[in-house]
Amino acid sequence: METPTVKKTSKKDYRKLILEGFANHVLEHGAQPASVFKFAKELKMKEEEFYTYFTSFEAIKSAIWVSIYDTTLEAIESQEVFKEYSAREKFLSFLFTWIEELKKNRSYLLSLYSDKTQSFKSLPADTKEFKEKFKDFAGEIILEGKETQEIATRPFITEKYDEALWLQVAFVFRYWLDDRSPRFEMTDAAIEKSVNLAFDLMGKSALDTFLDFAKFLYQNK
């Protein structure tokens, strides 16, 4: 007696389908869909099914930012040498790798954000969840830098270092969006110069050394 063939059915990954469908719509139309109803219809799904995975287009855009961040972090942490890097080198590695991931989505990002890049002070509201995850990563870098004395501890200022690194991320993104140089060479240079400046400022400066010496003289006079 022959054993009946069992037909395998593959379950659709609707979350992935929605993310890819949204990005493709933006690429094809230069803007996000007009409504969730129309977008769900494009994907041949019911509107209520869409809400099982996302509550809005803003939630989709946020998920795409987080996905790019997660891929970046996975890439740098998979390198054995990353563990041996200094705090400065780890942040440089993050930014260079992040830019490589952004390149894969450049047309999508330009479609949504190219007309909102007049200021270097902030990133779009869609990046809120990305920012929260990044600041956890930045906090680890800062802690390591303080332990190795690569980063100086300063009252009232040290606790703002993670925000300073986030401003670096915003600066690099906006600079890259406007970069027209071959292979985005100017962005690479901007990353290196801005990160070096940031870590020089966070590091122990001549002023810190002078204040330490002055404190020593005062306490031992």
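The secondary structure of this protein chain comes to ten helices and zero strands, so to speak a run of α-α-α-α-α-α-α-α-α-α when read along the sequence. Keep in mind that this is a predicted model. The chain has 221 residues, and buried residues make up 40% of them. Among the contacts with a separation of 6 or more, 73% are between residues 24 or more positions apart.

**Aromatic pairs**

The structure holds 29 aromatic pairs. Take Phe-82 and Tyr-85: their ring centres are 5.9 Å apart and their planes stand at 75°, and because an angle over 60 degrees counts as edge-to-face, that is what this pair is. The two partners don't share the same level of cover: Phe-82 is buried, with a relative accessible area of 6%, whereas Tyr-85, at 26%, is partly exposed.

Then there's Phe-94 with Phe-137. Here the ring centres lie 5.2 Å apart with the planes at 35°, so this pair is tilted. Phe-94 belongs to helix H5 (residues 87-103) and Phe-137 to helix H7 (residues 128-147), so the pair ties together parts that are 43 residues apart in sequence. Both rings belong to buried residues: Phe-94 has a relative accessible area of 0%, and Phe-137 comes in at 5%.

**Charges over rings**

Phe-82 turns up again here, since Lys-90 lies over the face of its ring, at 5.4 Å from the ring centre. Another example is Arg-106, whose charged end sits over the ring of Trp-176, 4.6 Å from the centre of that ring.

**Two pockets**

The largest pocket holds about 370 Å³ of space. It is lined by 18 residues, and the closest to its centre are Leu-19, Glu-20, Ala-23, Ile-64 and Asn-105. Which helices supply at least two residues each to this lining? They are helix H1 (14-29), helix H4 (57-77) and helix H6 (106-113). H1 gives the largest share, with seven residues.

The second largest pocket has a volume of about 190 Å³. Its lining consists of Lys-146, Gln-149, Ile-151, Ala-152, Thr-153, Arg-154, Pro-155, Lys-204 and Asp-208. Here's how the two compare by volume and by class of lining residue.

| Pocket | Volume | Nonpolar lining residues | Polar lining residues | Charged lining residues |
|---|---|---|---|---|
| Largest pocket | about 370 Å³ | six residues | five residues | seven residues |
| Second largest pocket | about 190 Å³ | three residues | two residues | four residues |

**Positive phi in two loops**

Most residues other than glycine have a negative phi. Against that background, a couple of residues deserve a look. Phe-156 has a positive phi of about 70° although it is not a glycine. Its place is in the loop between H7 and helix H8 (161-178), and at 75% relative accessibility Phe-156 counts as exposed.

Arg-183 is another non-glycine residue with a positive phi, of about 55°. Arg-183 lies in the loop between H8 and helix H9 (185-202). Is Arg-183 buried or exposed? At 65% relative accessibility, Arg-183 counts as exposed.

**Around H8 and H9**

Now for the helices on either side of that second loop. Phe-171 lies in helix H8, and Phe-171 counts as partly exposed, with 25% relative accessibility. The C-alpha atoms of Phe-171 and Ala-190 are separated by 9.2 Å, with the two residues 19 apart along the chain.

Ser-194 is found in helix H9. Why does Ser-194 count as buried? Its relative accessibility is 12%, and buried means under 20%, so Ser-194 falls in that class. Leaving out residues up to four places away in sequence, Ser-194 touches Gln-168 and Phe-171. A further pairing reaches across the sequence: the C-alpha atoms of Ser-194 and Leu-92 are separated by 9.9 Å, although these residues are 102 apart along the chain.

How values were computed
Residues are numbered from 1 along each chain as its sequence is written. This is a predicted model: local features need pLDDT of at least 70, side-chain atom pairs count only at pLDDT 80 or more; totals for chains, interfaces and linings use all residues. Side-chain values use heavy atoms; hydrogens and water are left out. On a 1 Å grid over the protein atoms alone, a cavity is a set of points where a 1.4 Å probe fits but cannot get out, and a pocket is an open set with protein on both sides within 12 Å along at least five of seven lines; lining residues have an atom within 4 Å of a point. Grid points are joined across faces, edges and corners, and a volume is the space filled by probe spheres set on the points. Helices (H or I, at least four residues) and strands (E, at least two) are DSSP runs, numbered from the N terminus. Ala, Val, Leu, Ile, Met, Phe, Trp, Tyr, Cys and Pro count as nonpolar, Asp, Glu, Lys and Arg as charged, and the others, Gly among them, as polar. Rings of Phe, Tyr and Trp (its six-membered ring) pair if their centres lie within 6.5 Å; planes under 30 degrees apart count as stacked, over 60 as edge-to-face and the rest as tilted. Buried means under 20% relative accessible area, exposed over 50%, partly exposed in between (1.4 Å probe, protein chains only). A charge sits over a ring if NZ of Lys or CZ of Arg is within 6 Å of the ring centre and within 35 degrees of the ring normal. Contact means heavy atoms within 4.5 Å.
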